[in-house]
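Student: Could you walk me through this chain? I'd like to start with its charges and then move on to its fold and its aromatic rings.
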Amino acid sequence: MDERDILTIMTNKPYRRNVGMVVFNSLGKVIVGERIQFPGSWQFPQGGIDEDEDYLEAAKRELYEELGIKKAIYVSEFPDWIPYDFPNSLGLNSHLQKFRGQLQRWILFYWDGSLEECDLVHHEQEFLTIRYMEIEDTIQSVIDFKRPVYEKFVPLFKTAIQNYIAENV
């Protein structure tokens with residue numbers, strides 16, 4: 001099998017439907033986590049959308065599963081689905097190997113809790129640790145292959161965060 005055949009196989013795979021959650025506090029800082037499989041990279045929580053599940057419901061479920069947050073307030077969302085491909089070097093688990101990459105919907109939530117209130121281990125642990133960060137810094141902190149996705153939604157969310165705080169906090 002030559003490289004062309006491998007590329008054809010890769011591109012014939014479907015994208016996995018996925019949702020990403022950006023959670024910010026009254027100071028405008030966002031929660032990011034250091035992924036277990038990518039130490040040193042910081043990213044927003046994200047997770048798969050189950051069959052026949054609404055993406056907003058998936059976002060709320062994943063937010064609880066990954067961070068233990070139940071009472072976040074929906075603020076807005078990026079208006080489009082954003083795809084990204086898995087790099088060939090990524091060691092995917094068997095569940096993800098059938099996919100080319102992920103097709104993501106990004107949701108913005110307000111939550112003014114403390115990081116100590118978060119629970120990273122009550123479901124399958126995804127993050128080693130979490131912290132608050134300025135949203136514009138997340139573009140450089142995320143693993144390289146996800147950076148183009150962050151470059152799309154971060155500017156819009158930065159403005160939405162500033163507007164929400166000005167009007168509500």
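Tutor: Before the charges, a convention is needed: Lys and Arg count as positive and Asp and Glu as negative, while His and the chain ends are not counted. The place of a charge is taken as NZ of Lys, CZ of Arg, CG of Asp or CD of Glu. This is a predicted model, in which local features need pLDDT of at least 70 and side-chain atom pairs count only at pLDDT 80 or more, whereas totals for chains, interfaces and linings use all residues. Residues are numbered from 1 along each chain as its sequence is written, and side-chain values use heavy atoms, with hydrogens and water left out.

Student: OK, so how many positive and negative side chains are there, and how far apart do the centres of the two sets lie?
Tutor: There are 18 positive and 28 negative side chains in the chain, and the centres of the two sets lie 2 Å apart.

Student: Switching to the fold, which pattern does the chain follow along the sequence?
Tutor: The pattern is α-β-β-β-β-α-β-β-β-β-α-α, built from four helices and eight strands, where helices (H or I, at least four residues) and strands (E, at least two) are DSSP runs numbered from the N terminus. The radius of gyration is 16 Å, close to the 15 Å that the globule rule gives for 169 residues, so the chain is as compact as a globular protein of that length; the radius is taken over C-alpha atoms, and the rule is 2.2 Å times the number of residues to the power 0.38.

Student: And how much of the chain counts as buried?
Tutor: Of the 169 residues, 47% count as buried, meaning under 20% relative accessible area, with exposed being over 50% and partly exposed in between (1.4 Å probe, protein chains only).

Student: On to the rings: how many aromatic pairs does a search of the whole structure find?
Tutor: The search finds 15, a pair being rings of Phe, Tyr and Trp (its six-membered ring) with centres within 6.5 Å, where planes under 30 degrees apart count as stacked, over 60 as edge-to-face and the rest as tilted. One of them is the tilted pair of Phe44 and Phe153, at 6.0 Å centre to centre and 55 degrees between the planes.

Student: Where do Phe44 and Phe153 lie?
Tutor: Phe44 lies in the loop between strand S3 (42–43) and strand S4 (46–48) and Phe153 in helix H4 (residues 147–168), so the pair ties together parts that are 109 residues apart in sequence. Phe44 is buried at 0% relative accessibility, and Phe153 is also buried, at 0%.

Student: Which residues do ring pairs link into a cluster?
Tutor: The cluster consists of Phe44, Trp106, Tyr150, Phe153 and Phe157.
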